[in-house]
Amino acid sequence: MAVARQAVTAASRGEEPVSGGAPSALPMPAGVFVTLRDGEGRLRGCVGHVECRLGSLEEEVAECARAAATRDWRFHPVTPDEVAQLRLELSLLGRMEPVDDLGELDPRVYGITVTQGARRGVLLPGIDGIDTPQDQFHAVCRKAGITGGATRIFRFPVRKVMEPVA
């Protein structure tokens with residue numbers, strides 16, 4: 001978690017990321033997302049990769065944390081004054097599994113990705129207001145701008161690691 005916090009802090013100041021650090025004892029997940037929440041618990045940024053692209057978990061987390069702080073199109077970049085109030089969450093993704101029926105989904109347990117042509121949407125599990133597989137499917141399609149159903153649906157388990165509340 002320290003890697004993510006350092007990356008957000010550096011990004012908020014416009015500084016280059018700090019590299020190095022001890023390698024993680026965690027196995028390399030299939031993908032990683034970093035979620036930032038403000039002091040009220042509201043979403044402040046979330047960026048990730050459904051497949052790891054870099055050489056280590058630390059590099060993957062640092063890149064996603066920087067992107068969540070500065071490149072989430074839904075929010076303006078995080079400022080240095082905001083960093084202390086942010087809570088960080090890591091979502092470590094398990095292997096993608098194809099889904100043939102929406103009944104195979106559980107929005108509390110599995111994330112979902114849908115594709116239609118070049119469009120792709122990803123939604124992590126445990127989102128307030130998304131209570132049924134149908135809610136989850138419709139939300140991810142809206143997010144991706146997919147109409148008329150997805151051509152491919154995958155689910156993936158997620159292990160969340162949250163920063164302790166100070």
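Colleague: Which residue in β7 does Leu90 stand opposite?

Modeller: Leu90 stands opposite Val161 in β7, where strands are DSSP runs of E with at least two residues, helices are runs of H or I with at least four residues, and both are numbered from the N terminus. This is a predicted model, in which local features need pLDDT of at least 70, side-chain atom pairs count only at pLDDT 80 or more, and totals for chains, interfaces and linings use all residues. Residues are numbered from 1 along each chain as its sequence is written, and side-chain values use heavy atoms, with hydrogens and water left out.

Colleague: How many bridges pair β3 and β7?

Modeller: Strand β3 (residues 87–93) pairs with strand β7 (residues 152–162) in the antiparallel sense over 5 bridges, and two strands pair if DSSP finds at least two bridges between them.

Colleague: And what joins β5 to β7?

Modeller: Strand β5 (residues 110–116) runs antiparallel to β7 and is joined to it by 6 bridges, with Ile153 in β7 as the bridge partner of Val114.

Colleague: Switching to α2, is it enclosed or not, and why?

Modeller: Helix α2 is largely enclosed by the rest of the structure because 11 of its 14 residues are buried, meaning under 20% relative accessible area, with exposed over 50% and partly exposed in between (1.4 Å probe, protein chains only). Among them are Leu57, Val61 and Cys64.

Colleague: What do those buried residues pack against?

Modeller: The buried residues of α2 pack against α1 (2–12), β1 (31–37), β2 (43–49) and β3, with contact meaning heavy atoms within 4.5 Å.
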